[in-house]
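This report covers a metal site, charged contacts and backbone features. Please consult the sequence and the structure below before reading on.

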Amino acid sequence: MTTAMNDQPLTRTTVDGEHLWQRLMALAVIGATPKGGCNRQALTELDREGRALLTQWCEAEGLRVRTDAIGNLFARRAGRQSDADPVVIGSHIDTQPTGGKYDGCFGVLAALEVIRTLNALDIETERPIELVAWTNEEGCRFAPCMMGAGVFTGKLSLEAARGRTDGDGITVGEALDAIGQVGRDADCPRRFAGYLEAHIEQGPILEDEEKTIGVVTGALGLKWFDVTITGMEAHAGPTPMHLRRDALLGATRVVEAVNRIGGAHGPDGRGTVGAFQVSPNSRNVIPGQVTLSVDLRHRDVETLASMVSEFQNTLAAIERDTGLETQVTPTADYPPQFFDAGCIDAVRRGAEAHECAYREIVSGAGHDAVYISDVAPAGMIFIPCENGISHNESEYAAPKHVTAGANVLLHATLELAGKAT
Ligand SMILES: [Zn+2]
């Protein structure tokens, strides 16, 4: 006697976690690095191979694959209501030069596994479901990051994106043409009923608290500045301490202040000086100039604004106390994002249905979903990654967490797309 898969109770439909894991490993072969990571940068020959494999898998599930003008790849599973706006699920498959197997790929392959499960169980949805793999999320070969989602949402024009060049002077347009991934926007969905993205956390919080799922409620707002501190170069020997204007001494006060400001505003405050150049960087010359980067983040607009003014007050105090000159240039400004309440609830109910330990979490990093949330109801599912490490060849997510994240995506997708009865 055989038991049809349809005979399984569907109250808690689950994905084939082993199959999903095998596909994650198979995709990671394309661009595999000796240290176990992946180097499959956007719009390279390896990206073409990755897209070809993904396309082959999607077509085997009966999905209709096409790309839009910036190469965002969509794969459609029909719904009962063929004209309804689709529920879109996915992420990206491009990687950093020394990236891992999970960042982005997990979200795309979890989406494919969700669709494969619906096919296997013969579940029809009211709305169509579209898998998506966004072009150039990482932004390492071509800036800016989140390029495909940026063009999709109108933050970046197609012409501007196609004109961006890599280190060899090759444009995005030339690279897209070379890998044959230029399609027509008219063939792809332009309006989403909802967008769900599963992703590794890229931070240590879930692992630290032994949670399986992060129900992502939004993303931290971000403000970036370049700071130049100018003093006076002088010989380290003949110049007494009280007659110096040491730019590095002022810069260390900025580093200390930025970290203090980040820590003083609750668990969602962040303050980082990540880049630092000393001039002339000579052991017996008092530093005349230091340039450094400042990165301030918070989930609350007003708190972020007050963090910025504390930072500016610090610079004013340094000028007053030391006679150094400071110059500040803002280089990026993204407001905090809040995901859609319906998407957040769908993810939470998915975590509850699968009895996953979960917590609400705010994304500290940028994601395609952050852009999409400007134009469609969007939400994200985080799973833990080992030691919070990503953008690293040693990036790792445990199979049980990969499976759990895909199960939550399945539940939430079914809720948004509606199971046809
Ligand atoms: Zn990613």
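In this predicted model, the side chains of R184 and D187 are joined by a salt bridge with an N to O distance of 3.2 Å. R184 is exposed, its relative accessible area being 52%, whereas D187 is partly exposed at 35% relative accessibility.

Across the whole structure, a search finds 23 salt bridges. Three of them are set out in the following table.

| Salt bridge | N to O distance |
|---|---|
| R184 and D187 | 3.2 Å |
| D68 and R190 | 2.9 Å |
| R253 and D321 | 3.1 Å |

The bridge between D68 and R190 links distant parts of the chain, its two residues being 122 residues apart. D68 belongs to the loop between β1 (64-67) and β2 (73-77), and R190 to the loop between α6 (172-178) and β5. D68 is buried, at 1% relative accessibility, while R190 is partly exposed, with a relative accessible area of 36%.

R253 and D321 likewise pair through a salt bridge, with their closest N and O atoms 3.1 Å apart. This contact links distant parts of the chain, helix α8 (residues 247-263) with R253 and helix α9 (residues 301-322) with D321, at a separation of 68 residues. R253 is partly exposed, with a relative accessible area of 33%. Elsewhere, D16, E61, E113 and R116 are joined into one network by salt bridges that share partners.

The metal site comes next. Which protein residues are donors of the zinc ion? They are H92 through NE2, D103 through OD and H199 through NE2, at 1.9 to 2.2 Å from the ion. Along the chain these donors follow the spacing H-x10-D-x95-H. Because H92 lies in strand β3 (residues 87-92) and H199 in strand β5 (residues 194-200), this pair ties together parts that are 107 residues apart in sequence. Both histidines are covered by protein: H92 is buried with a relative accessible area of 0%, and H199 is buried with a relative accessible area of 1%.

On the surface, a patch of negative charge is formed by E207, D208, E210 and E386. One of these residues, E207, is found in helix α7 (residues 205-208). A relative accessible area of 32% makes E207 partly exposed, and it therefore passes the cut-off of over 30% that applies to patch residues.

The backbone also has features to record. Two peptide bonds are described here as cis: the one from A143 to P144, with omega near 0°, and the one from S279 to P280, with omega near 5°. P144 is in the loop between β4 (129-134) and α4 (147-152), and P280 is in the loop between β10 (276-279) and β11 (285-286). N281 also lies in the loop between β10 and β11. Although N281 is not a glycine, its phi is positive, at about 60°. N281 is exposed, with a relative accessible area of 62%.

L43 is another residue other than glycine with a positive phi, near 65°. Its place is the loop between α1 (17-28) and α2 (45-60). Is L43 buried or exposed? L43 is buried, with a relative accessible area of 3%.

A final contact concerns M232, which is located in the loop between β7 (221-230) and β8 (234-235). M232 and G288 are separated by 56 residues in sequence, yet their C-alpha atoms are 4.5 Å apart in space. M232 is partly exposed, with a relative accessible area of 47%.

Note on methods
Residues are numbered from 1 along each chain as its sequence is written. This is a predicted model: local features need pLDDT of at least 70, side-chain atom pairs count only at pLDDT 80 or more; totals for chains, interfaces and linings use all residues. Side-chain values use heavy atoms; hydrogens and water are left out. Patches are made of residues with over 30% relative accessible area and no salt bridge: like charges are joined within 9 Å, nonpolar side chains (Val, Leu, Ile, Met, Phe, Trp, Tyr) within 5 Å. Accessible areas come from the Shrake-Rupley method with a 1.4 Å probe; for residues, only the protein chains shown count as cover. A salt bridge is a side-chain nitrogen of Lys or Arg within 4 Å of a carboxyl oxygen of Asp or Glu. Lys and Arg count as positive and Asp and Glu as negative; His and the chain ends are not counted. The place of a charge is taken as NZ of Lys, CZ of Arg, CG of Asp or CD of Glu. Helices (H or I, at least four residues) and strands (E, at least two) are DSSP runs, numbered from the N terminus. Buried means under 20% relative accessible area, exposed over 50%, partly exposed in between (1.4 Å probe, protein chains only). Donors are N, O and S atoms within 2.8 Å of the metal (3.2 Å for Na, K and Ca); water is not among the atoms, so sites may look incomplete.
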